[in-house]
Amino acid sequence: MKKRPFVFLCTGMSLDGKLSNYKKECVPISSDDDRDMLYDMRVFADAAMVGGNTLKLDDPGLMIKGEKRIKQRMKLKKPLDLVKVSVISNANDLKIDGDFFTRGSGEKVIFTTKETSNKKVEELRKKAKVFVMGEKKVNLKKALETLYELGVKKLLVEGGGELIFSLLKDNLVDEINLKIGNLIIGGRGTTTFCDGDGFGIPSFKKVKFVKIIKKPNYLILKLKVIK
Ligand SMILES: NC(=O)c1ccc[n+]([C@@H]2O[C@H](COP(=O)([O-])OP(=O)(O)OC[C@H]3O[C@@H](n4cnc5c(N)ncnc54)[C@H](OP(=O)(O)O)[C@@H]3O)[C@@H](O)[C@H]2O)c1
């Protein structure tokens, strides 16, 4: 494999491992969900990536928040805005007037497949760099190599569960930063931290616990993925 960025996940899940609720809404996962951990992680990233469902449902702006963090980025000599990246198999009904595409001056990058029409690809190209990589699913290894060539050395992945599963399956994750809240959300079909088809014995992914921080209403875990 050619060079790829350092890939670190930062995701918040409820006590029962859910990333959202049964309505797929963007919900708090702890009773005082301040999102500070995620905003702090963005400071160190060159780019932030979300899956296509997250892009369509949440339309995240992926901005650097607050004076303190803006100053930290200046100290790190990083541009104020992140490169924003999404992986989406079929982008035909993706709107390009939301926060992801319009907020911030950072480059937008879309990885998609042949499921997206040529007409839609042309429309997306008005707002983003677009790469068609794969028939039905995006080739994530190739996508990461492309990001590296575009100058992305540190890639923050914010979710959701389908994208996280695929990255783990392809051994493309280096570090996991997980916030575990004190709320139980439930729901049979609700998005979890790692969805996809799941891993069979003996291919479960293993991690090493690096750091655990206990806050009144949530835990923060820093984990290294064992390859
Ligand atoms: N709590 C948090 O920190 C957090 C963070 C992010 C998101 N979320 C929540 O997560 C939910 C969405 O998560 P999700 O699991 O449904 O979807 P997702 O991971 O956001 O998106 C997966 C999308 O990527 C596409 N894709 C293309 N190539 C892929 C590949 N190689 N591997 C995996 N996916 C590929 C899939 O398309 P096809 O399946 O059509 O091929 C699908 O559209 C939302 O409700 C959002 O609120 C929560």
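Trainee: What makes Phe111 the bridge partner of Val87 in β4?

Mentor: DSSP assigns bridges, and two strands pair if DSSP finds at least two bridges between them. Strand β3 (residues 83–87) and β4 have four bridges, in the parallel sense, so they count as paired. Strands here are DSSP runs of E, at least two residues, and helices are runs of H or I, at least four residues, numbered from the N terminus. This is a predicted model: local features need pLDDT of at least 70, side-chain atom pairs need 80 or more, and totals for chains, interfaces and linings use all residues. Residues are numbered from 1 along each chain as its sequence is written, and side-chain values use heavy atoms, without hydrogens and water.

Trainee: Which residue stands opposite Phe111 in β5?

Mentor: Phe131. β4 and strand β5 (residues 129–132) pair in the parallel sense over four bridges. From β4 the chain crosses through helix α5 (residues 118–124) to β5.

Trainee: Why is this β-α-β crossover called right-handed?

Mentor: With the strands pointing away from the viewer, the path from the first strand over the helix to the second runs clockwise, and therefore the name applies.

Trainee: Why is strand β4 called mostly covered?

Mentor: Buried means under 20% relative accessible area, exposed over 50%, partly exposed in between (1.4 Å probe, protein chains only). In β4 (residues 108–112), five of its five residues are buried. Lys108, Ile110 and Thr112 are on one side, Val109 and Phe111 on the other.

Trainee: What is Phe111 in contact with, leaving aside neighbours within four places in sequence?

Mentor: Contact means heavy atoms within 4.5 Å. The partners of Phe111 include Val85, Phe131, Met133 and Leu147.
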